[in-house]
Amino acid sequence: MGLTRSSRWRIRRVRHWIKSSLWVIPGLYAAVALGTGIALVAFDHASPLESSLDLSAASAGAALAALGGGMITFTGFVMSVVLLVVQFGSSQFSPRFLRWFRDDPVMKHSLGTFIATFVFALTATALSGRGPENIVPYRALIAATVLTAASIAWFLALIARTSDNLRVAHVIQRIDSQARRVFDDVYPTTSTEVEAAQQAAANVDPGSAVQQVRNPDVGGVLVAVDRDELLRIAQRHNALSPAVNDPTTAVQCLHRIADVLRYAAAKHLSTGVVTDPHGAVRVLVPTPTWDDLIADLPVKRHPALARQLDLLEEAVGRAYPAEQRADALAADRQGLGMAIQTGESARGVS
């Protein structure tokens, strides 16, 4: 029996939380390090190893304690530097730069390895001195050495990743690659797909939607629409609606923008309409306007909002020539200058 829609939604939310959380991977590393430390020290006590190094239990404990104390200091230093880098990147590029810091696996595994080394050293130090025998925990020392080497490797990887993410060429290259994937996922390329999408869009009346879905929760930011899932739901239920101061950076960005636009030129940019393989329109994703807001407000609130809309139209009329006013007044939900035009001119901007 398949999962219900709510179950799939919860699974997706959990996956997204695991992907974006800075707690999950480091927490797993810490838990594994704790268990490994207990197991290896117990193994060393149960079956001691002989070594030509001739270490004493006191020197082994001191080495583990020094490693634990130094590792937590090192972790704090590295994370402080990375946070400063992220703050610098956010001010130079965009606040969206924080998404790299949150989602980057190198960051999470580096932090996890640092924490695991600290937890393991602390656990081994606390447990290796138990009992009257002066047993040297060689296995724990070997594991601590391996973790130290892994920490150095992840530290170098983190430095390399951070420096790459601050390079303008690398940043705009990532944007270019992601933009191409978005165009491939969202917009059709073949003439058959283009004709089907144009025909479907021309024959659909946005006001004839069978069902409209409104968000009853606290307002948020819509960052993506799962078109495939919306299409599956619609097919199952038969219809559901729903300034740069650096000239070098500016030139590089303009070149990339031109490259993406050339790539997108072959696409049919028909957003808001999702059709199934048979060409039937299943999902509409309309752009909200001020008129939608008026519909949600009590009648006594309408005059004040209507007055603001009138003032907005007057301001646009003064600022733009007549042939550009319709575009200036069209709703642009994301502020990207890409408002979806319907058959009628929109009255305001969102």
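**Exercise 1. A polar pair in a helix**

In this predicted model, the side chains of Asp176 and Arg180 make a polar contact at 2.9 Å. Work out where Asp176 lies, whether Asp176 is buried or exposed, and which residues distant from it by more than four places in sequence it touches.

*Solution.*
- Step 1: place the residue. Asp176 belongs to helix α7, which covers residues 168-186.
- Step 2: check the accessibility. The cut-off for buried is under 20% relative accessible area. Asp176 has 2%, so Asp176 counts as buried.
- Step 3: list the contacts. Leaving out residues up to four places away in sequence, Asp176 touches Arg256, Asp259 and Val260.

**Exercise 2. Salt bridges across the sequence**

How many salt bridges does the structure hold? For the pairs Asp44 with Arg139 and Arg161 with Asp104, find which parts of the chain are tied together, then look at the accessibility of each partner.

*Solution.*
- Step 1: count. The structure holds four salt bridges.
- Step 2: take Asp44 and Arg139, whose closest N and O atoms are 3.0 Å apart. Asp44 sits in helix α2 (residues 24-46) and Arg139 in helix α6 (residues 138-165), so this pair ties together parts 95 residues apart in sequence.
- Step 3: check these two partners. Asp44 is buried at 0% relative accessibility, and Arg139 is buried with a relative accessible area of 15%.
- Step 4: move to Arg161 and Asp104, where the closest N and O atoms are 2.3 Å apart. Arg161 is in helix α6, while Asp104 is in the loop between α4 (97-103) and α5, so the pair links parts 57 residues apart in sequence.
- Step 5: check the second pair. Arg161 is partly exposed at 29% relative accessibility, whereas Asp104 is buried with a relative accessible area of 5%.

**Exercise 3. A pair with partly exposed partners**

Asp164 also forms a salt bridge with Arg167. Find the distance between the closest N and O atoms and classify Asp164 and Arg167 by accessibility.

*Solution.*
- Step 1: the closest N and O atoms are 3.9 Å apart. The cut-off for a salt bridge is 4 Å, so the pair qualifies.
- Step 2: Asp164, at 31% relative accessibility, counts as partly exposed. Arg167, with a relative accessible area of 44%, is partly exposed too.

**Exercise 4. One face of a helix**

Test whether the length of helix α12 agrees with its number of residues, then work out how its buried residues are arranged.

*Solution.*
- Step 1: α12 spans residues 302-319, which is 18 residues; at 1.5 Å a residue the expected span is 26 Å, and the end C-alpha atoms are 26 Å apart, which agrees.
- Step 2: the buried residues of α12 are Leu305, Leu309 and Val316. Viewed down the helix axis, the buried residues fall within an arc of 45°, so they line one face of α12.
- Step 3: recall the helix geometry. With 3.6 residues a turn, residues three or four places apart in an α-helix point the same way.
- Step 4: turn to the other side of α12, where Pro303, Ala304 and Arg318 are exposed.

**Exercise 5. A hairpin**

In which sense do strands β1 and β2 pair, and what lies between them?

*Solution.*
- Step 1: β1 (residues 273-275) and β2 (residues 281-284) pair in the antiparallel sense, over three bridges. Val274 stands opposite Val283 in β2.
- Step 2: the two strands form a hairpin with five residues between them. In the turn, Gly279 has a positive phi of about 90°.

Key:
Residues are numbered from 1 along each chain as its sequence is written. This is a predicted model: local features need pLDDT of at least 70, side-chain atom pairs count only at pLDDT 80 or more; totals for chains, interfaces and linings use all residues. Side-chain values use heavy atoms; hydrogens and water are left out. Buried means under 20% relative accessible area, exposed over 50%, partly exposed in between (1.4 Å probe, protein chains only). A polar contact is a pair of N or O atoms within 3.5 Å; within protein, one must be able to donate a hydrogen and the other to accept it, and residues adjacent in sequence count only if both atoms are side-chain atoms. Contact means heavy atoms within 4.5 Å. Two strands pair if DSSP finds at least two bridges between them. The expected span of a helix is 1.5 Å times one less than its number of residues. The arc is that of the directions from the helix axis to the C-beta atoms. A salt bridge is a side-chain nitrogen of Lys or Arg within 4 Å of a carboxyl oxygen of Asp or Glu.
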